[in-house]
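Biologist: Could you take me closely through one sheet of this model, strand by strand, and then set it beside the other packing that you find worth describing? Please keep the answer connected.

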Amino acid sequence: MDSASIRRKFLDFFENKGHKIVPSAPLVLKNDPTLLFTNSGMVQFKDYFLGNSIPQHKRIADTQKCLRVSGKHNDLEDVGLDTYHHTMFEMLGNWSFGDYFKKEAIAWAWELLTEEYKLPKERLYVTVFGGDKNDNLPVDEEAKELWKQFVSEDRIIHGIKKDNFWEMGEQGPCGPCSEIHIDLRPEAEVKQKPGKELVNSDHPQVVEIWNLVFIQFNRLASGALEPLPDKHVDTGMGFERLCMAIQGKTSNYDTDVFRPLMDFIAKEAGIVYTATTPSPVERGQGGEVKTDIAIRVIADHIRAVAFTIADGQLPSNTGAGYVIRRILRRAVRYGFSYLNFKEPFFHKLVPVLANQFKDVFPELQQQLDYVTRVVLEEEVSFLRTLGKGIILIEGIIKFAQDGDEESLNNEAALDFINSGGAEILGADRDGKPTMIMGEVCFTLYDRYGFPLDLTELIARENGFSIDRKGFDSEMAKQKSRSKADATKETGDWILVGDDVKTEFIGYEHLSAEAKIVKYRKVKQKNKELFQIVLDKTPFYAESGGQVGDTGVLETANEKILVTDTKKENELIVHYTETLPENLAATYFVSVNESKRRQTMNNHSATHLLHAALRQVLGKHVEQKGSLVNDKILRFDFSHFAAMTEAELAKVETIVNQKIRENIALNEQRNVPLEKAKSLGAMALFGEKYGEFVRVITFDPKFSVELCGGTHVPFTGNIGLLKIVSESSVAAGVRRIEAVTAEGAQEYLNDNLRLLNEVKSVLKNPKDILASAKSLMEEKHALEKKLEVMYQQQANVLKDELAGKATKSNGCTLISEKVSVPNADSLKNIAYALRNQFDDLLLILAADVDGKPQVAVMLGEKLEATKKYHAGNMVKELAKEIDGGGGGQPFFATAGGKKLEGLDSVLVKAKQLI
């Protein structure tokens, strides 16, 4: 049975059991501060478990794209080394929200696996929660008795809390779970050792395929458990492992889920995939076939990278974007190191992947060109980094071998070694350098993006090892710092009134009377805040690029400032720095009206801008991100070239024309998603939409969008839009920043004021541009004359210095204090004197336009004797001017702060000579 049929059979099975089949949520999460990515099938249903939303369907099933590369669910370092870990994977799941429970979940799981998929019953084992004394929880006898109907008791295993008690996080819904494992080993191995003994032992062929979670408790901040009013079922089955079991393979990578990608990679590399996977004993001891590992890593990683980009997350240097960049670079590095891919190759896999999944996850096929180009640009950039890194590390190793900076022929390595602070080399008992220290390896990794295993590979090829323990120690310190920065203590919600769902009235009203439903205390970075939930609110919670409202909660006796409003899943949370005194009181709550109206101007202008960009540049333009606040609008969109001045002017003209037309807002709520699309509304990739949506229209022939934000009633309210910048954000993504209304007026006034000041400085010429150009031409002409004059002065000074040369200790010595206009003059004089004297020892203490500088130059003949080293000498002399520097063995310079120390430089130079 092929993988597509396996997936279809799962969904059909549960559809026949009364489940609603829903699409996968995006990999990239919004409105959930606890996660970077969707890491399990239940994430899109968290609000149902938390009670923030009421499910429209009691029974749901789907296949969900998941990513486990951060936090406690981090499988990245295992990927490729074994047969079953992945970054991105599919999670097949069925859910019950207060409907069926253990009996049906267990019976249906057994029916599907054994009767539909025909998996051998004798190879299946199940686990049940074995109880926990700390939580005062007994063995899950209910699940055990239900399983006895299908399997013998000797194949029912009591699991510990770590394996058989599922928790959403440190707080929240949780409950016991029951896992189904399968033994895929050959019969001979099964006879030697029962599979029961290998369950949950990380054996590559005795693996968990399905986890049935029975959510019946809520974990409080205190650690205590309380029963939930409704019991839920949350199951997750790893699709790739299921395919391995059904297709009779011993590795996920041998299934048709991965082989199309792997065969393509092997062909590109000109090798054959041997399908050799190491045992746990062999792993890390030379048992791996490196090319096989590389192929598995690349095949896995393209899935994570491509689908995440398609879902709206671009590679970057922070947050989720950094994780994706790291995965992409790991794949490129494996190809570079083990498959000899020295030119971009990773992007070639995107079309292969898109075609394979076009029927189940069509968003990649629909954005094929865009995703491919983003991956290519990232790949090209990292290959440049790898090239620079290799030059750097080879220079460091050469220094390690020769023990002399003279051996370094690249400035990067020289600068690295001279930066100080870290011991470069470790030595053996005889004092011979044998190891590159961990701090150096970590700096290469952290500052230069150079992977540790590539450092190790190059070091090993040159007879050196690396200090892995030192590297791990530095990494642990960084993680500890990051963890300290991110530490957040969140208390339990404390109910004040009935736990009702918040009514949002902010589209129509900016103020209202409201009561507090619940609150909790949050402490982060030693700052204490309060999160407050109201029964009704006009405050818009940050979402869809629009910032959250600020305002006040007040009674006759107190006034509480609301500093921000955010969504936590579907909960509208108001942030305050103080807790209201009378929690039971009715509060008059009001939004900062000026800020809201300016934000509305910018949000509506963003819609007009989007439409104008598509009209001018083409229908390939799609929103890739936005920020809308009261000061500015920022709009990121797909486009692969910088916009011309003419294009920007045309877009701006179209938007302002629509503003002057004073188009009325047409807002439609609770529109079925498919109907909204038929109206022309674009569903953005990476957004999760419900069955009913809100449609914002400014002229049905111009701008129709799905949007939950706040907008102006008429486009005329915007007044004016002025684009202030257009730039690149990432490969294939451009960014426009613009201002509207008062902001646009202020921007224009500032520029007019500046223009008038320039006119005044230029004596009010008739043609200001011609006058400015003439002034610049005059400046360049004067600069050239000045350069000639400086060179003449330098020639005179050079001759004066040559006349002061003396013979000392077998060399021509010139040690003088000089004054020069710039550093180039000093350098030119030094080289001119080197050309004149091959046994030159030149030491200049220079006043360079009021700043102290030292230069040491050796003649070619003197350099060959290795009696002096310019770099070492200049380091010593620089101390006299409170400075530092370095350079090559024959020429080095140093700058400093202490001008009055130049005389001391010459005194110290005499001592050194």
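Modeller: Two strands are taken to pair if DSSP finds at least two bridges between them, and the strands themselves are DSSP runs of at least two residues, numbered from the N terminus. The model is a predicted one, and what follows should be read with that in mind.

The sheet you ask about is open and is formed by 4 strands in the order E25-E26-E31-E30, with antiparallel pairing. Its edges are strand E25, residues 623-628, and strand E30, residues 721-730, each of which pairs on one side only. From one strand to the next, the twist averages 15 degrees. At the E30 edge, the pairing with strand E31, residues 733-740, is antiparallel and extends over 8 bridges; within this pairing, Lys722 has Val739 in E31 as its bridge partner. Helix H19, residues 645-660, packs on the sheet and touches both E30 and E31, and its direction makes about 135 degrees with that of E30. Helix H21, residues 741-761, also lies across E30 and E31, but here the reference is E31, to which H21 runs at about 90 degrees. As background for reading such a sheet, side chains in a regular strand alternate between the two faces.

Strand pairing can be followed elsewhere too, around strand E24, residues 586-591, which pairs with strand E18, residues 511-524, in the antiparallel sense over 5 bridges. In that pairing, Ser511 is bridged to Ser590 of E24. Strand E21, residues 551-554, likewise pairs with E24 in the antiparallel sense, over 4 bridges, and there Leu553 has Val589 of E24 as its bridge partner.

Turning to helices, two packed helices are described by the angle between their axes and the distance between the axes. For helix H25, residues 870-878, and helix H26, residues 902-912, the angle is about 135 degrees and the axes are 9 Å apart. H25 is therefore oblique to H26, and H25 passes H26 in a right-handed crossing. The residues that meet are Met873, Glu876 and Leu877 on the H25 side, and Val905, Lys908, Ala909 and Leu912 on the H26 side.

A second helix pair is made by H9 and helix H11, residues 349-356, whose axes come within 10 Å and cross at roughly 75 degrees. Angles of 65 to 115 degrees count as roughly perpendicular, so H9 is described as roughly perpendicular to H11. H9 contributes Ile298, Ile302, Arg303, Ala306 and Phe307 to this contact, while H11 contributes Leu349, Val350 and Leu353.

The loop that links helix H9, residues 290-310, to helix H10, residues 319-338, holds Asp311. Asp311 counts as buried because its relative accessibility is 3%, where the cut-off for buried is under 20%. The side chain of Asp311 is joined to that of Lys65 by a polar contact of 2.9 Å.

A further buried residue is Leu392, which lies in helix H13, residues 368-402, and which counts as buried because its relative accessibility is 2%. From Leu392 to Phe450 the separation is 58 residues in sequence and 9.9 Å in space, taken C-alpha to C-alpha.

Key
Residues numbered from 1 in each chain as written. Predicted model: local features only at pLDDT ≥ 70, side-chain atom pairs only at ≥ 80, totals over all residues. Heavy atoms only, no water. Buried < 20%, exposed > 50% of the residue type's maximum accessible area, 1.4 Å probe, protein only. Polar contact = N/O pair within 3.5 Å; in protein donor to acceptor, adjacent residues only side chain to side chain. Axes fitted to C-alpha atoms, helices over the stretch in contact; angles between N-to-C directions. Contact = heavy atoms within 4.5 Å. Parallel < 35°, antiparallel > 145°, perpendicular 65-115°, else oblique. Left-handed = near helix turned anticlockwise from the far one by under 90°.
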